[in-house]
Amino acid sequence: MLQLTNVSKTYHVGDESIPALKNINLEIDDGEFVAIEGPSGSGKSTLLHLIGGLDTPTSGEIKVNRKIINGLKDRELSKYRNREIGFVFQDFQLQSGLNVLENVEVPLMFATGRKRREATIEKKSRELLKNVGLEDRLAHRPTEISGGQKQRAAIARALVNKPKILLADEPTGNLDSVTGRAIIGLLRHLHAREKTTMVIVTHDRDIAKYADRMIHIRDGQIIK
Amino acid sequence: MYLRLAIRNIANRKTRAILTTIGITIGIASLILMVALSKGLEKAAVQNITGGGSITKLTVQPKVEKVAKALNLLPLGQQKITPEIFVQVQNIQHVTSVYPEMIYGNFSSMQISWMGENLQTDMMIFGVPYEFIAGDYKGSKESWDNAAPPYPALISNKIIDIYNFTIAPTSGLPFFTQNDLSGIDVTLLPDESTFFPQTGKTQEQVGAKLVGFSNQTSIVGVTIPIEAVRKLNRQHNPNYTDSYLRLHVQVDSADNVEYVREKILALGFDATSPVEEINTIAENFRTIQLGLGSVSLIILFVAGLMIANTFFSAVMERKHEIGIYRALGATRRHIKQIFLLEATIIGLAGGIGGIVIGIIAGLFLNKSILDALANISIKPGTLFVFDPLVSLFAILFSVILSIIFSYIPATFAARLDPLEAFQD
């Protein structure tokens, strides 16, 4: 279970304090498919970064499976991001120098222990890419595939370490509406299959509707 | 996977990686080249001293002052190597043979007819037994030992080198080869000097024929059979008693050279061995190596700064990429490893490239220089001696250098805030 208690985040620019999140209290159950909806600048991406361990709250507590993640040391936070979290970004963030298969292998490379064995890494990555329908694009560079295919590769990369939570920041933001819906369809399909908790951040209500639960955020506060 | 990632990262920024690698390549190539040249020259110098072979030789001569010894002046002091001393040296344990060298005890000149002109130059007359020059003299022992005028004569092939190197090019004269001089008749003029014309008193002319060239004979004169010199000495000096200029001693093994040397010193004479000279040369060349090595190290240091600059720029350019890796679970250590591995590959490539370029440049220079020295009779087989150990060390050094100079940028990359890097 993901639990946020009185979480606030304030950015400081010079002498000015900019509150991004104010007293957020939120609980997301294991296996839930949640959409966080809000306009640009409402704090939804900040919320995602806090849950993903990329940023730390100014105050409050973030618990993932009863473990408080804010305050973890850098090494433990890295491990948390690698094992418990899968990130999907709006602009895919694939490495242009690596092919599709290699891009998916990257999180496994950073995983410790037996997961790092080359053969296992490749087998797992191929399997994931098959699940997202990219089995015939393994050797292609990101520049050689479409936007939808890039996001599929990014989803495969996010899931390759079997994370407990998948965090998607505007996953359809850079795609046309048809491809966007296909990506959400894929996420729904993988959610049903893998039972991974999914948290999607979007400003698009139509996309948010695909989630089991919708959370509305405005000016750093949850309004519904 | 790390390796693949590192190679891909380097390949994605080819131009910069190649430029950095070239910097290291030049540094390593110069290091390899300079060490090889220094070793090659050392080897050539040592070969020159030992005549390409034995280091079991000792030269016995009357004690001379350090200065005279350093300047290689002839020992014409009071102390004489008499036939008794010769026998005493011969009887020292481990001595296998002793060859005496005699000198005509007054000024002497040599006259030569060359290109229609009669040329005369001061030239000392040395005498040695057949055995000493057997390797360089094509005639029989009989024809040397019992020679009558014209005497068979040998000259040092260094004389031809000196002529070809200094006199011929500056005076516009043609080069000499051994073939040009072989078999020509010369006239030896005892007691005559071109420097001191008034000393000439006998007007005697002794016929001789140049029959060969030697590395062992003295450079400042002509070497004829020892009996001929003895005869000349007796004829021209009524008070003459047999004595030798030097003794050339052959010892049974290199291990015993020092023993024999001490015995000779105990007799009150100087005994020099090539080993001493080799040691002095080795010492000098170590200094030269150090000097040349320092120049290469400066080049490599500059290359190292290039590496640091390249990696700092790379880190700044790749902040976002670092952020993605961090988001995907890379620890600081992982980030550092990625950059250090890239540095290792660049160092390795630069090291190997440097060795290849160094060896190719060495071979090219070797050929060019040796071609330019075509008229020199004594020249080394190679001027550059490449030591595999030095190459191995150079590769290792290149890798370590790359790692050291990329360490700070790599650490900087590792310490970047994940979110800041990601949002860059």
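The following exchange concerns a predicted model of two chains, A and B, and the grounds for some terms used to describe it.

Colleague: How do you know which residues make up the contact of chain A with chain B?

Modeller: Two residues are in contact if their C-beta atoms, placed from the backbone, lie within 7 Å. The contact takes 23 residues from chain A and 19 residues from chain B. On the side of chain B that touches chain A, at least two residues come from each of α1 (2-12), α12 (319-327), α13 (332-372) and α15 (418-423) of chain B. The most is given by α1(B), with six residues.

Colleague: What makes up the side of chain B that touches chain A, by class?

Modeller: That side has ten nonpolar, five polar and four charged residues.

Colleague: Why is α12(B) called mostly covered?

Modeller: A residue is buried if 20 or more other C-beta atoms lie within 10 Å of its own. In α12(B), seven of the nine residues are buried, so the helix is called mostly covered. Those residues are B:E321, B:I322, B:G323, B:I324, B:Y325, B:R326 and B:A327.

Colleague: What covers the buried residues of α12(B)?

Modeller: The cover includes elements of both chains: α2 (74-83) and β6 (85-88) of chain A, and α13, α14 (388-414) and α15 of chain B. After α12(B) comes B:G329, with a positive phi near 110°.

Colleague: What makes a set of residues the largest nonpolar core?

Modeller: A nonpolar core is a set of buried nonpolar residues, such as Ala, Val, Leu and Ile, joined through C-beta atoms within 7 Å. The largest has 108 residues, and those with the most contacts inside it are A:A156, A:L167, A:V199 and B:I32. Helix α2 (residues 14-50) of chain B gives the most to this core, with twelve residues. Leaving aside neighbours within four places in sequence, A:V199 is in contact with A:I28, A:V34, A:I36, A:L48, A:I51, A:I165 and A:L167. A second, separate core of 52 residues includes B:I92, B:F132, B:I133 and B:V249.

Colleague: How do you know that β2 (residues 95-103) of chain B pairs with β10 (residues 246-251) and β5 (residues 124-128) of chain B?

Modeller: Two strands pair if DSSP finds at least two bridges between them. Between β2(B) and β10(B) there are six bridges, in the antiparallel sense, and B:E101 stands opposite B:R246. Between β2(B) and β5(B) there are two bridges, also antiparallel, so this pair too meets the criterion. Here the bridge partner of B:M102 is B:G127.

How values were computed:
Residues are numbered from 1 along each chain as its sequence is written. Chains are lettered from A and ligands numbered from 1 in the order in which they are written. This is a predicted model: local features need pLDDT of at least 70, side-chain atom pairs count only at pLDDT 80 or more; totals for chains, interfaces and linings use all residues. Helices (H or I, at least four residues) and strands (E, at least two) are DSSP runs, numbered from the N terminus. Ala, Val, Leu, Ile, Met, Phe, Trp, Tyr, Cys and Pro count as nonpolar, Asp, Glu, Lys and Arg as charged, and the others, Gly among them, as polar. A residue is buried if 20 or more other C-beta atoms lie within 10 Å of its own, exposed if 12 or fewer, and partly exposed in between; C-beta atoms are placed from the backbone.
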